[in-house]
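Thanks for coming. I have one structure to show today, and I will take it from the overall picture down to single residues.

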Amino acid sequence: MMLDPPMKNLLKQVPSRYQLVNVVAHAARQIASQAEDEGYPLTEKPVTLALQKVAAGEADTGRE
């Protein structure tokens with residue numbers, strides 16, 4: 001099983017794997033909550049969407 005996006009791309013955005021887990025979990029909860037509040041279905045799982053968001057540099061990673 002391959003991770004998409006690759007781990008090396010994710011670690012460019014977040015300095016450690018431990019922080020990556022926290023950032024992705026937080027973003028996934030926000031995505032799921034927003035979808036539920038606004039009443040639209042998600043085409044992919046919230047964690048997948050959060051991983052893509054982190055890889056694109058769109059998630060709040062705590063870095064300045």
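I will start with the chain as a whole, then go to the core, and then to a few residues one by one.

First, please keep in mind that this is a predicted model. The average pLDDT of the chain is 89, and 92% of the residues score at least 70. Among the helices, helix 2 has the highest confidence, with a mean of 95, and helix 1 has the lowest, at 89. As a general caution, coordinates should not be read in detail where pLDDT is low.

Now the overall fold. The chain has 3 helices and 0 strands, and along the sequence the pattern reads α-α-α. Helix 1 covers 7–13, while helix 2 runs over 17–38 and helix 3 over 46–55.

How does the radius of gyration compare with that of a compact globule? For 64 residues, such a globule would come out near 11 Å, and the chain has 12 Å, so the two agree. The C-alpha trace spans about 35 × 30 × 15 Å along its principal axes. Of the contacts with a separation of 6 or more, 53% are between residues 24 or more positions apart.

On the surface side, the accessible area of the chain is about 4900 Å², and carbon and sulfur atoms account for 52% of that. Buried residues are 23% of the 64 in the chain.

That brings me to the core. Which residues make up the largest nonpolar core? There are 12 of them: Leu10, Val14, Leu20, Val23, Val24, Ala27, Ala28, Ile31, Ala50, Leu51, Val54 and Ala59. Helix 2 and helix 3 each supply at least two of these residues. The largest share is that of helix 2, with 6 residues.

Let me stay with helix 3 for a moment. Its buried residues are Ala50, Leu51 and Val54. Looking down the helix axis, these residues fall within an arc of 100°, so they line one face of helix 3. What covers them includes helix 1 and helix 2.

After helix 3 comes Gly57, which has a positive phi, near 80°. A little further on is Ala59, one of the core residues. If we leave aside neighbours within four places in sequence, Ala59 is in contact with Val23, Lys53 and Val54.

Now the loops. Val14 is in the loop between helix 1 and helix 2. Is Val14 buried or exposed? Its relative accessible area is 0%, so Val14 is buried. Val14 and Ala28 both belong to the core, and their C-alpha atoms are 16 Å apart, with their positions 14 residues apart in sequence.

The loop between helix 2 and helix 3 gives us two residues to look at. One of them is Leu42. At a relative accessible area of 31%, Leu42 is partly exposed. The cut-offs that matter here are under 20% for buried and over 50% for exposed. Leaving aside neighbours within four places, Leu42 is in contact with Ile31, Ala32, Ala35 and Leu49. From Leu42 to Ile31 the C-alpha distance is 9.0 Å, at 11 residues apart in sequence.

Lys45 sits in that loop between helix 2 and helix 3 as well. Its relative accessible area is 64%, and because exposed means over 50%, Lys45 counts as exposed. Lys45 and Ala32 are 13 residues apart in sequence, and 8.5 Å apart from C-alpha to C-alpha.

Last, a residue from helix 2 itself, namely Ala25. Its relative accessibility is 29%, which puts Ala25 in the partly exposed group. Along the chain, Ala25 and Pro46 are 21 residues apart, and their C-alpha atoms are separated by 8.9 Å.

To sum up, this is a predicted model of a chain with 3 helices and 0 strands. Its largest nonpolar core has 12 residues, of which helix 2 supplies 6. That is what I wanted to show.

Technical notes: Residues are numbered from 1 along each chain as its sequence is written. This is a predicted model: local features need pLDDT of at least 70, side-chain atom pairs count only at pLDDT 80 or more; totals for chains, interfaces and linings use all residues. Side-chain values use heavy atoms; hydrogens and water are left out. A nonpolar core is a set of buried Ala, Val, Leu, Ile, Met, Phe, Trp, Tyr and Cys residues joined through side-chain atoms within 4.5 Å. Buried means under 20% relative accessible area, exposed over 50%, partly exposed in between (1.4 Å probe, protein chains only). Helices (H or I, at least four residues) and strands (E, at least two) are DSSP runs, numbered from the N terminus. Contact means heavy atoms within 4.5 Å. The arc is that of the directions from the helix axis to the C-beta atoms. The radius of gyration is taken over C-alpha atoms; the globule rule is 2.2 Å times the number of residues to the power 0.38. Accessible areas come from the Shrake-Rupley method with a 1.4 Å probe; for residues, only the protein chains shown count as cover. pLDDT is the predictor's confidence in each residue, from 0 to 100.
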